[in-house]
Amino acid sequence: MESQTNTAADVHASMDGDGNSDAFEKVKSKKSQKRKRDAGELDMDIGAVKRPSFPPISGDQLRGGVDEMRKVPVPAHRYTPLKENWLKIFTPIVENLLLQVRFNLKTRNVEIKTCKETQDISALTKAADFVKAFVLGFQVEDALALIRLDELFLESFDVTDVKPLKGDHLSRAIGRIAGKGGKTKFTIENVTKTRIVLADTKVHLLGSFQNIKMARTAICNLILGSPPSKVYGNIRAVASRAAERF
């Protein structure tokens with residue numbers, strides 16, 4: 001007890017002698033000092049190393065100097081629309097994507113080819129998708145979005161893939177998708193922000209991944225026999241949820 005009281009008295013005396021408790025100095029750890037020193041040396045080493053700088057590479061060099069070509073076959077019933085809209089198709093491919101394009105009369109294909117002026121390596125795929133969309137039956141203005149925007153896709157499926165229908169049952173299913181005067185098809189397009197083409201038993205969709213999914217679900221429900229009013233309510237609910245999410 002006496003030793004403890006003496007120690008406390010010594011501490012008070014030392015505090016009184018200095019006037020405050022600032023006399024206690026915090027001893028720095030040797031480990032932390034070494035760590036800081038090592039970090040400083042590492043920063044100096046990183047700063048000393050020069051990063052390599054490479055000049056931008058051209059599209060011609062990326063391809064290795066070899067020209068690539070894509071061929072899009074044109075069915076007989078699309079010859080006349082292709083001829084009428086050729087200037088609208090030709091202009092964006094040549095002027096914007098800097099590609100070469102021609103219609104081969106022997107093979108009935110639209111041939112798209114890269115050249116030395118081509119800068120973007122994805123231009124060939126965009127142009128091929130653009131022509132393919134027009135050949136499937138989309139308007140030139142709608143298909144042109146495939147060139148302007150990156151996140152647009154084409155998707156096709158058959159009505160009989162959803163449900164194996166025949167005869168009048170198949171005709172009624174196609175009629176349910178179209179609606180009276182195309183009303184159902186237009187409603188699905190406007191709500192899901194997609195474009196739909198009905199060609200016999202084929203259904204072609206153009207839009208973003210999420211929107212195509214919504215439109216495809218609605219069309220599949222119509223094929224399976226759901227009434228249009230129920231399908232309208234479902235896609236409106238899904239579309240509103242998607243709009244709130246984004």
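## Worked exercises on a predicted model

I188 sits in helix α11 (helices are DSSP runs of H or I with at least four residues, strands are E runs with at least two, and both are numbered from the N terminus). Before we start: this is a predicted model, where local features need pLDDT of at least 70 and side-chain atom pairs count only at pLDDT 80 or more, while totals for chains, interfaces and linings use all residues. Residues are numbered from 1 along each chain as its sequence is written, and side-chain values use heavy atoms, with hydrogens and water left out.

**Exercise 1.** Work out whether I188 is buried or exposed, and how far I188 lies from I177 in space.

*Solution.* Step one: I188 has 0% relative accessibility, so it counts as buried (buried is under 20% relative accessible area, exposed over 50%, partly exposed in between, with a 1.4 Å probe and protein chains only). Step two: I188 and I177 are eleven residues apart in sequence, and their C-alpha atoms are 9.2 Å apart.

**Exercise 2.** Do the same for F157: find its element, its burial and its C-alpha distance to V203.

*Solution.* Start with the element: F157 belongs to strand β4, residues 153-158. With a relative accessible area of 10%, F157 is buried. Now for the distance: F157 and V203 are 46 residues apart along the chain, yet 5.5 Å separates their C-alpha atoms.

**Exercise 3.** Describe the aromatic pair formed by W86 and F90.

*Solution.* Get the rule straight to begin with: rings of Phe, Tyr and Trp (its six-membered ring) pair if their centres lie within 6.5 Å, and planes under 30 degrees apart are stacked, over 60 edge-to-face, and the rest tilted. That rule gives two aromatic pairs. W86 and F90 make a tilted one, at 6.4 Å centre to centre with 40° between the planes. Why about one helical turn between them? Because W86 and F90 are four residues apart in helix α5, residues 86-96. Both are partly exposed: W86 at 23% and F90 at 31%.

**Exercise 4.** Find which rings have R78 and R108 over their faces.

*Solution.* The test is NZ of Lys or CZ of Arg within 6 Å of the ring centre and within 35 degrees of the ring normal. R78 lies over the face of F134, 4.8 Å from the ring centre. R108 does so for Y79, at 4.4 Å.

**Exercise 5.** Find how many residues make up the largest nonpolar core, and which have the most contacts inside it.

*Solution.* A nonpolar core joins buried Ala, Val, Leu, Ile, Met, Phe, Trp, Tyr and Cys residues through side-chain atoms within 4.5 Å. The largest has 27 residues, and those with the most contacts inside it are I89, I93, L99, V110, I112, F130 and V131. Next, the elements giving two or more residues to this core are α5, β3 (109-113), α6 (123-136), α7 (140-143) and α8 (145-148). Finally, α6 supplies the largest share, eight residues.

**Exercise 6.** Locate L98 and D200, and check the sign of phi for L98 and D200.

*Solution.* L98 is in the loop between α5 and β2 (100-104). Its phi is near 55°, a positive value in a residue other than glycine, and L98 is partly exposed at 29%. D200 is in the loop between β5 (195-199) and β6 (202-207). Phi of D200 is near 60°, again positive in a non-glycine residue, and D200 is exposed at 64%.
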